[in-house]
Amino acid sequence: MKEREIKHCLECGKELLGRIDKKYCNDSCKSAFLNRKYRVANREIGRINRILKNNHKILSDIIVDGVYECSTRELFIKGFNFDYFTSLDPQAPPVMYCYEIGYQINSERVWIITA
Ligand SMILES: [Zn+2]
C-alpha cells in the first residue's frame with residue numbers, strides 16, 4: 001500500500017488533512033496566497049489601464065467629429081503616452097487604436113480616426 005504524501009498549506013505551511021488535492025488549510029490562507037501572487041500583476045495592469053484611460057481622454061477631447069489632425073507635440077504636451085495602445089492595424093503608416101479611437105502618426109502630424 002502506497003503511503004500518503006504529507007502536504008502543507010501553500011500559505012502558512014501547516015500540514016494539510018483531508019482531500020489529497022487540497023492546497024490551503026482554509027479560505028483565508030487561499031486568499032492571502034492568491035492576493036500576494038497577483039498583487040504585482042494587478043499593480044502593473046492598473047498602471048497600464050491608467051495610461052490608456054488618459055490617452056483616450058486626450059484623444060476624445062481633441063476630436064470634434066470624423067477625422068481630426070493635430071501635432072505629435074500637442075499630444076505629448078497633454079501627457080499622451082505613445083508607447084501604449086490597445087491594438088494596431090498594420091497599414092503604412094500603421095493605425096494605432098486606443099479602444100475605439102484610431103490614430104496615425106505621419107512625421108509630426110497625428111490623424112485621429114473615429115468610427
Ligand atoms: Zn494555511
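Author: Buried means under 20% relative accessible area, exposed means over 50%, and partly exposed is in between (1.4 Å probe, protein chains only). We're looking at a predicted model, numbered from 1 along each chain as its sequence is written, where local features need pLDDT of at least 70. Side-chain atom pairs count only at pLDDT 80 or more, while totals for chains, interfaces and linings use all residues, and side-chain values use heavy atoms, leaving out hydrogens and water.

Reader: Let's try it out: what is the relative accessible area of Thr72?

Author: Find Thr72 in helix H2 (residues 72–77); helices (H or I, at least four residues) and strands (E, at least two) are DSSP runs, numbered from the N terminus. Skipping residues up to four places away in sequence, Thr72 touches Phe82, Ile105, Ser107, Glu108 and Val110, where contact means heavy atoms within 4.5 Å. Thr72 counts as buried because of its relative accessible area, 15%.

Reader: And Lys53, is that one buried or exposed?

Author: Lys53 belongs to helix H1. Its C-alpha atom is separated by 18 Å from that of Val110, 57 residues apart along the chain. With a relative accessible area of 65%, Lys53 is exposed.

Reader: In what order do the five strands of the open sheet run?

Author: Strands pair if DSSP finds at least two bridges between them, and the pairing in this sheet is antiparallel. Strand E1 (68–71) and strand E2 (87–89) are the edge strands, each pairing on one side only. Reading across, the order is E1-E5-E4-E3-E2.

Reader: Which residue stands opposite Met96?

Author: Look at strand E3 (residues 95–98) and strand E4 (residues 101–106), which run antiparallel and are joined by four bridges. The partner of Met96 lies in E4, and its name is Tyr103.

Reader: What phi does Tyr99 have in the turn?

Author: E3 and E4 make a hairpin with two residues between them, and Tyr99 is in that turn. Its phi is positive, at about 60°.

Reader: Which residue stands opposite Ser87?

Author: E2 and E3 also make a hairpin, with five residues between them. Three bridges pair these strands in the antiparallel sense. Across from Ser87, in E3, you'll find Tyr97.

Reader: Which element gives the largest share of the largest nonpolar core?

Author: That core has 13 residues, and Leu59, Leu75, Tyr103 and Ile112 have the most contacts inside it; a nonpolar core is a set of buried Ala, Val, Leu, Ile, Met, Phe, Trp, Tyr and Cys residues joined through side-chain atoms within 4.5 Å. Helix H1 (27–62), E3, E4 and strand E5 (109–113) each supply at least two of its residues. The largest share, three residues, comes from H1.

Reader: Which residues does Leu59 touch, not counting those up to four places away in sequence?

Author: Leu59 is one of the core residues with the most contacts. Beyond four places along the sequence, it touches Leu75, Phe80, Cys98, Ile101, Tyr103 and Ile112.

Reader: What arrangement do the four donor atoms around the zinc ion have?

Author: The protein donors (N, O and S atoms within 2.8 Å of the metal) are the SG atoms of Cys9, Cys12, Cys25 and Cys29, lying 2.2 to 2.3 Å from the zinc ion. Along the chain they follow the spacing C-x2-C-x12-C-x3-C. Four donors count as tetrahedral if all angles lie between 85 and 135 degrees. Here the angles are 104 to 116°, so the arrangement is tetrahedral.

Reader: Last one: what is the relative accessible area of Cys9?

Author: Cys9 is one of the zinc donors. It counts as buried because of its relative accessible area, 4%.

Note on methods: Donors = N, O, S within 2.8 Å, 3.2 Å for Na, K, Ca; no water. Tetrahedral: all angles 85-135°; square planar, octahedral: opposite > 155°, others 65-115°.
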